[in-house]
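Please look through the structure shown below, and then follow the report as it goes from a pair of helices to the sheets and finally to the aromatic rings.

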Amino acid sequence: NFCSRMYLCEKRVDSRTIYVGHRPCPATEAFIPPKFCDNRIVSSKYTIWNFLPKNLFEQFRRIANFYFLIIFLVQVIVDTPTSPVTSGLPLFFVITVTAIKQGYEDWLRHKADNEVNKYPVIVLEDGRSIRKESEKIKTHYTVPDTEKDLQSLNATIECEQPQPDLYKFVGRMHIYKTDQEPAVRSLGPENLLLKGATLKNTKKIYGVAVYTGMETKMALNYQGKSQKRSAVEKSINAFLLVYLCILISKAVVCTTLKYVWQSQDGQDEPWYNEKTQKEKDTYVMFTDFLSFMVLFNFIIPVSMYVTVEMQKFLGSFFITWDKDFFDPEIQEGALVNTSDLNEELGQVEYVFTDKTGTLTQNNMEFIECCIDGFQYRNSDSMSELDGFCDKEELFLRALCLCHTVQVKEAGPDEIDSDQVDGLVSELSQPDEQRGFIASSPDEVALVKGAMKHGFTFLGLENKSMKIRNRQNNVELYDLLHVLNFDPVRRRMSVIVRSKSGETLLFCKGADSSIFPRVRQEEVDRIRMHVERNATEGYRTLCVAYKQLSPEEFAVADAGLRDARLALQDREEKLMAVYNQVETSMSLIGATAVEDRLQEEAAETMEALQGAGMKVWVLTGDKMETAKSTCYACRLFQRGTELLELTVRTLEDGGRKREERLHDLLCTVSDLTCHFEPWGVHLSLRSWSTANQEYGFIIDGATLSLVMNPSPDTNSSRYKSLFLQICQNCTAVLCCRMAPLQKAQVRQLDVFKPHFTPICIFYCLVSAVTDALLMCMLLILLFLYLYFGPQNLCFILPQFLYQFFCGYSQQPLYDAAYLTMYNICFTSMPILAFSLLEQHIAIEYLLDNATLYREIAKNAMLKWGPFLYWTVLGIFQGLLFFFGVKYLFSNPALQDNGQVFGNWSYGTIVFTVLVFTVTLKLALDTRHWTWINHFVIWGSLAFYVFFSFFWGGIIWTWHTAHTAIVYLNFLRYLFLGFC
């Protein structure tokens with residue numbers, strides 16, 4: 001619901017002020033009408049008005065399309081041997097089909113946008129409830145705190161200008177009441193509801209629209225609307241340039257030989273074709289060159305692009321329909337937003353993945369805890385723990401209080417469950433009539449772990465936290481402040497006050513964040529348990545507390561309030577207060593939580609590595625925990641040599657970290673590149689051999705030195721060495737990383753131009769995906785290699801024919817055949833082949849992941865295969881031309897006494913060409929369906945029917961003696977073959 005009217009005044013560039021209710025701008029400020037955008041979301045690329053020019057511009061960026069446009073214009077302007085229709089019609093067909101495909105995909109984007117923009121909402125405007133469409137919401141529509149205060153709420157909201165960071169929002173709200181001082185409330189990311197979010201655990205909310213439309217964070221993170229081009233398509237342009245050079249060479253040769261031939265006596269001006277005076281005064285060599293270019297222009301396969309576009313477009317439906325992609329839990333299948341990059345899915349070389357929620361299920365279970373050096377397993381019975389001391393009870397109280405968990409009471413028709421970001425899992429104790437709601441599964445696991453040991457969190461009510469202790473007594477604590485968790489400081493704290501008046505700070509976080517803030521003797525009692533749990537693959541957290549004096553709390557309270565109300569540098573000010581108050585704490589204990597692996601994670605990881613893919617795990621977890629998970633999912637094999645580059649290794653040697661870092665980077669780079677023995681100490685367990693596989697481990701602190709070295713060091717050198725090491729290792733683990741560092745690692749390819757991996761966050765799905773994508777890519781590469789030689793052997797007889805016709809630019813083929821060869825006679829069989837062919841059984845592919853290596857890095861689009869197919873096309877073209885010429889060496893006569901002419905000769909060559917190309921494709925087909933039979937034999941039947949129609953009916957309108965030409969040449973061809 002979006003209600004009420006508000007007005008905006010732009011106070012400064014980096015913030016905006018929103019007036020809620022009917023309170024006008026202050027008298028001392030000038031009212032500035034709002035100039036903010038509406039709430040429309042636009043993810044589409046085209047509109048009705050710009051579709052034609054924009055789409056044409058994008059299509060003519062392709063070499064083949066632009067080339068045929070030039071050829072068409074030449075045919076229109078210059079007197080050429082073929083009609084402009086021969087180039088214009090195929091070009092029009094290609095442009096039209098591609099435009100329809102891209103227009104349809106953009107129409108789907110428009111449809112999705114309309115679903116969002118037309119969503120009905122209720123707006124209270126000038127005291128009246130009005131139902132409006134979502135796109136008509138403006139930044140000056142708001143809703144108040146409660147329904148009964150719709151008419152009386154007066155407030156202002158100051159917040160930052162729109163920016164794309166999803167986890168950052170800075171603002172404050174001033175609430176005005178009559179005869180009272182304005183109340184000020186801090187607004188942060190927890191108060192911001194992102195556009196497109198789905199409500200959970202509540203039926204409705206009230207909010208203020210501070211960002212709308214294309215100013216929302218979702219829209220600001222949109223990557224743009226430019227047409228995507230795959231690496232395969234870009235590499236094809238190089239091959240087309242080769243054919244363009246062949247075309248130019250043919251035109252130059254024919255033009256030169258024409259003038260050489262005409263320079264002979266009697267050849268320049270035969271009596272039947274004397275030049276006019278105008279022709280004698282005009283230099284026509286360039287015109288002749290253009291005419292030959294037009295005559296041979298079909299060596300460039302313009303229809304290849306439309307066939308590829310259709311293969312991608314229709315292939316995307318196959319992905320959508322594939323049952324192996326369907327997830328029965330969420331009742332959704334694969335969704336293809338754009339088909340432009342389908343074949344790139346078969347060229348994945350590097351996979352970037354998080355650990356929690358990707359390799360693991362993000363479903364936490366409390367395993368054990370360590371309190372003051374003593375270990376407590378989750379399986380321990382309550383009778384064994386009757387002797388809890390004060391510190392053990394303090395630890396369990398900390399688990400019950402230091403969190404942001406909410407208690408959800410189960411209704412009569414509801415299932416008791418825990419909910420974590422939409423994930424639902426049943427309670428392990430069915431007698432508890434409540435579930436827990438949390439943003440992180442760790443917090444639910446810890447609260448439930450404390451519950452199993454006798455301390456139960458009952459909920460938060462009016463800023464008061466209630467827990468039930470082991471004696472079944474309810475304890476109340478006033479929640480004063482929450483020091484939120486963030487991935488940089490890796491801890492969170494709460495400040496509470498007990499009924500006895502004690503002010504306590506409870507803190508939990510990573511050991512690297514907690515240990516420096518407690519006494520060293522306490523760390524020694526806990527460290528061994530933490531490291532052992534991490535080695536076993538458990539997620540560990542340390543728990544500490546601090547009793548605050550009234551003076552300490554007063555200083556912390558004032559600092560936190562001032563920092564939270566700041567609009568400028570709020571995070572830095574909050575961090576300073578956090579660091580000030582979270583010092584000199586007492587370490588109580590540590591916890592161990594298990595996050596199980598995804599199903600078939602190990603098998604999938606083995607298949608990926610067998611296929612030649614290199615997996616990089618980017619995680620914020622402790623190194624020992626992440627390493628154990630990598631071993632469990634078989635990312636690291638038992639024979640893999642692990643190379644660790646961490647703060648621990650940098651501290652060895654007694655030198656500065658950066659000096660040590662440079663030496664280690666150089667040494668590891670030499671080792672992984674040359675497989676030489678390693679003389680520098682670096683966590684290496686055995687001698688390296690030429691067949692040794694390496695795994696590389698680096699932590700966040702060391703990565704910061706690599707990415708952000710001191711000014712007097714060579715930063716590009718560090719990054720280059722780091723990238724070289726990672727490329728030569730089969731697996732990379734980056735642990736203790738901040739989100740910004742993950743982004744930096746994924747952008748490393750800009751420092752190495754030849755390093756162009758497809759960076760994706762890995763989602764564990766069936767290995768059928770890889771098999772299907774491999775089949776798709778192989779077929780698409782075959783399609784690319786198929787068109788060039790096909791058109792080469794099509795146009796080569798045209799070139800050879802010029803040696804027998806005095807270089808007169810006489811076409812060998814009829815104009816209708818030139819026009820329809822690519823778009824009618826040979827296009828459908830290869831399209832059906834590219835969609836339906838399964839030259840390798842999926843079952844065999846699943847059992848042999850190494851087959852994927854054969855197509856890595858566009859191996860089938862290298863110059864070797866290209867030259868092979870080109871030579872094959874030249875051989876076939878020579879065979880077609882001279883083979884038919886041999887048939888015509890017998891000067892047989894027709895019934896009327898005439899000999900067969902050039903049209904009969906060209907038609908026979910064309911017929912042999914069409915049948916050969918189509919039947920060769922039939923021989924290459926291994927997976928036959930009724931569609932393949934229909935398009936292959938149907939294409940041949942259509943060609944025969946069209947030839948009879950064109951040669952026997954259409955031509956009779958021009959001459960009565962050519963109706964039997966086609967029948968005669970078929971009979972002659974049959975006799976010749978016999």
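## Two crossing helices

In this predicted model, the crossing of helix 19 and helix 21 is left-handed. The residues that make this contact are Gly700, Leu703, Ser704 and Met707 on the side of helix 19, and Gln741, Gln744 and Val745 on the side of helix 21. Sorted by character, the contact residues comprise 3 nonpolar and 4 polar ones, with no charged residue in the group.

Two packed helices are described by the angle between their axes and the distance between the axes. For helix 19 (residues 700-707) and helix 21 (residues 739-746), the axes come within 11 Å and cross at roughly 50 degrees. Because angles of 65 to 115 degrees count as roughly perpendicular and those under 35 degrees as roughly parallel, this crossing makes helix 19 oblique to helix 21.

## The parallel sheet

Helix 19 also lies across strand 23, strand 24 and strand 25 (731-735), and its direction is at about 90 degrees to strand 24. These strands belong to an open sheet of 5 strands, arranged in the order 8-22-25-24-23 with parallel pairing. At its edges are strand 8 (350-353) and strand 23 (641-645), each of which pairs on one side only. On average, neighbouring strands of this sheet are turned by 15 degrees against each other, if direction is ignored.

Strand 23 and strand 24 (residues 694-699) run parallel and are joined by 5 bridges. Within this pairing, Leu642 has Gly695 of strand 24 as its bridge partner.

## The antiparallel sheet

Another open sheet is formed by 9 strands in the order 10-9-21-20-19-18-17-16-15, and here the pairing is antiparallel. Its edge strands are strand 10 (374-377) and strand 15 (456-461), and the twist from one strand to the next averages 30 degrees.

Strand 17 (residues 474-486) and strand 18 (residues 491-498) pair in the antiparallel sense over 7 bridges, and Val482 finds its bridge partner in Val494 of strand 18. Helix 13 (residues 550-565) packs on the sheet, where it touches strand 17, strand 18, strand 19 (503-509) and strand 20, with its direction at about 50 degrees to that of strand 17.

## Aromatic pairs

How many aromatic pairs does the structure hold? There are 44 aromatic pairs, and one of them is formed by Phe825 and Phe910, which meet edge-to-face at 6.0 Å centre to centre, with 70 degrees between the planes. Since Phe825 lies in helix 23 (residues 815-825) and Phe910 in helix 27 (residues 902-924), the pair ties together parts that are 85 residues apart in sequence.

Methods. Residues are numbered from 1 along each chain as its sequence is written. This is a predicted model: local features need pLDDT of at least 70, side-chain atom pairs count only at pLDDT 80 or more; totals for chains, interfaces and linings use all residues. Side-chain values use heavy atoms; hydrogens and water are left out. Axes are lines fitted to C-alpha atoms, for helices over the stretch in contact, and angles run from 0 to 180 degrees between N-to-C directions. Helices (H or I, at least four residues) and strands (E, at least two) are DSSP runs, numbered from the N terminus. Angles under 35 degrees count as roughly parallel, over 145 as roughly antiparallel, 65 to 115 as roughly perpendicular and the rest as oblique. A crossing is left-handed if the near helix is turned anticlockwise from the far one by less than a right angle, and right-handed if clockwise. Contact means heavy atoms within 4.5 Å. Ala, Val, Leu, Ile, Met, Phe, Trp, Tyr, Cys and Pro count as nonpolar, Asp, Glu, Lys and Arg as charged, and the others, Gly among them, as polar. Two strands pair if DSSP finds at least two bridges between them. Rings of Phe, Tyr and Trp (its six-membered ring) pair if their centres lie within 6.5 Å; planes under 30 degrees apart count as stacked, over 60 as edge-to-face and the rest as tilted.
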